[in-house]
Amino acid sequence: MNKKLSDLIDFSKLPKEIKEMLESLPEEGQQALVAMYDENSDLKKYGSPDNIAKDFLVDDAAVLCHYTEFGNLSSILENKKFWIKSKSYMNDPKEFLYTYELGEKLLRNLGATEDEICEFSKVTKQVNFDIYIWSFSENVNSQALWGNYGNKKGIAIKMNQKNIMRNLASHFAKGKSSLSKYKEGNGYVFPVKVLYNIAEQKERLSAILLQYLNAVRSFKFDPVDMNQIILECLSVLTLYALILKNPLLYQEEEVRFIINNINNGNKIHPEFEINNIPFVSCPISKDLISEIVIQTGSDISEIEVRKLLAKHGFNNLEVTTSLLPY
């Protein structure tokens, strides 16, 4: 049974004008408020940042693999850093947009008008987030990823999640001792497991979009509360846009680190650009890389890999070959 606003708020203790305003809210507005304040609502279940972090948590002890080519490994070691690309230039051209496009379909299923869907589309395109994505997989024997990135010169770089997080967090803190001191130019870092399951994607997004739509339709009756709900829903959708991907790409089994640079409006803060593509970086420390795995059937020999590693002071790294037969 759906809860009512009166189940959560003692109307008798409210000032007269607030009580009258709440009582005059249409059912949609009341349900939006219930969803915002009820800790057991679907909005809280799927929209609370704490719950989202818990649901897509990457274990500290996880061993992650970054797939690339031997030539890129040489460049990484030479420059003593990994390059991390802006979300707007990932291999998937629908990166980030996928969630919003799915959201438009779900809004239509929820009974949104074309005008409401157009407004949603307009709002979600207004802000240019300064976000960078570094992709990994927990699967060191991914035939799909060897196929995408190997080209018979493939390398998988194994790293521990905790060490990656340490290096990234330190780099983007830029000397700040706590998150509360972060300002424009600093970046928040967090790892997530990508969600490919379409049924779960729809369930999560529909819970958020329902209350977004309720709040939009009730805005004129209670602009302060409804605006807060709208903004919270849009913020959650932005987070999901970084977690959800096209189900057809499920073989990637992606784990990703998100770097969200604090920016002012549409201003971005890349560390450098190559061919107009923004990048940030992750410095290499001696303990960051734990192992190099060579693609099965690679044109690159183990001797070549060991020589490259020794040249840059990584003499003790383990070098193995993928267990895949081909």
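## Overall make-up

The chain folds into 13 helices and 10 strands. This is a predicted model. Its C-alpha trace spans about 80 × 40 × 35 Å along the principal axes.

Of the 326 residues, 46% count as buried. The accessible surface comes to about 16900 Å², and carbon and sulfur atoms account for 51% of that surface. Contacts reach far along the sequence: of those between residues at least 6 apart, 81% join residues at least 24 apart. The chain carries 38 positive and 43 negative charges, and the mean positions of the two sets are 5 Å apart.

## Helix α7

Helix α7 covers residues 97-109. From first to last C-alpha, its 13 residues reach 19 Å, close to the 18 Å expected at 1.5 Å a residue.

The buried residues of α7 are Tyr98, Thr99, Tyr100, Leu102, Gly103, Leu106 and Leu107. They pack against three other helices: α8 (114-124), α11 and α12. Residues three or four places apart in an α-helix point the same way, because each turn takes 3.6 residues. Leu102 and Leu106 are both on the buried list, as are Gly103 and Leu107. Just after the helix, Gly111 takes a positive phi of about 95°.

## Helix α10 and the residue that follows

Helix α10 runs over residues 161-173. Its 13 residues should span 18 Å at 1.5 Å a residue, and the end C-alpha atoms are indeed 18 Å apart. Asn160 caps the N-terminal end. There, a side-chain oxygen of Asn160 lies 2.8 Å from the backbone nitrogen of Lys162. Buried positions in α10 include Ile164, Leu168 and Phe172. Gln161, Asn163, Asn167 and Ala173 are buried too.

Lys174 comes just after α10, in the loop between α10 and β5 (187-193). Lys174 has a positive phi of about 50°, although it is not a glycine. Most residues other than glycine have a negative phi. Lys174 has a relative accessible area of 46%, so it counts as partly exposed.

## Another positive phi: Asn275

Asn275 sits in the loop between β7 (272-274) and β8 (277-283). Its phi is near 55°, a positive value in a residue other than glycine. Is the Asn275 residue buried or exposed? Asn275 is exposed, because its relative accessibility is 72% and the cut-off for exposed is over 50%.

## His66 in strand β1

His66 belongs to strand β1, residues 63-69. At 16% relative accessibility, His66 is buried, because buried means under 20%. A polar atom of the His66 side chain lies 2.9 Å from the backbone oxygen of Ser135.

Beyond its neighbours within four places in sequence, His66 is in contact with Trp134, Ser135 and Phe136. Ile155, Ala156, Ile157 and Met159 also contact His66, as does Phe82.

## Val305 in helix α13

Val305 lies in helix α13, residues 302-311. Its relative accessibility is 0%, so Val305 counts as buried. Leaving out residues up to four places away in sequence, Val305 touches Phe70, Ile155, Ile292, Ile294, Ile300 and Val319. Ile155 is thus listed with Val305 and also with His66.

Val305 and Ser74 are 231 residues apart in sequence. In space, their C-alpha atoms are 9.1 Å apart.

## Two loop residues: Phe219 and Glu39

Phe219 is in the loop between α11 (198-217) and α12 (223-241). With a relative accessibility of 37%, Phe219 is partly exposed. Setting aside neighbours within four places in sequence, Phe219 is in contact with Met226, Asn227 and Ile230. Phe219 and Leu25 are 194 residues apart in sequence and 9.6 Å apart in space, C-alpha to C-alpha.

Glu39 lies in the loop between α3 (27-37) and α4 (42-47). Glu39 counts as exposed, at 59% relative accessibility. Glu39 and Lys183 are 144 residues apart in sequence, and their C-alpha atoms are 31 Å apart in space.

Terms used
Residues numbered from 1 in each chain as written. Predicted model: local features only at pLDDT ≥ 70, side-chain atom pairs only at ≥ 80, totals over all residues. Heavy atoms only, no water. Helix = DSSP H or I, 4+ residues; strand = E, 2+ residues; numbered from the N terminus. Buried < 20%, exposed > 50% of the residue type's maximum accessible area, 1.4 Å probe, protein only. Contact = heavy atoms within 4.5 Å. Areas by Shrake-Rupley, 256 points an atom, 1.4 Å probe, with all protein chains shown as cover. Lys, Arg positive; Asp, Glu negative; His and termini not counted. Charge placed at Lys NZ, Arg CZ, Asp CG, Glu CD. Expected span 1.5 Å × (residues − 1). Polar contact = N/O pair within 3.5 Å; in protein donor to acceptor, adjacent residues only side chain to side chain.
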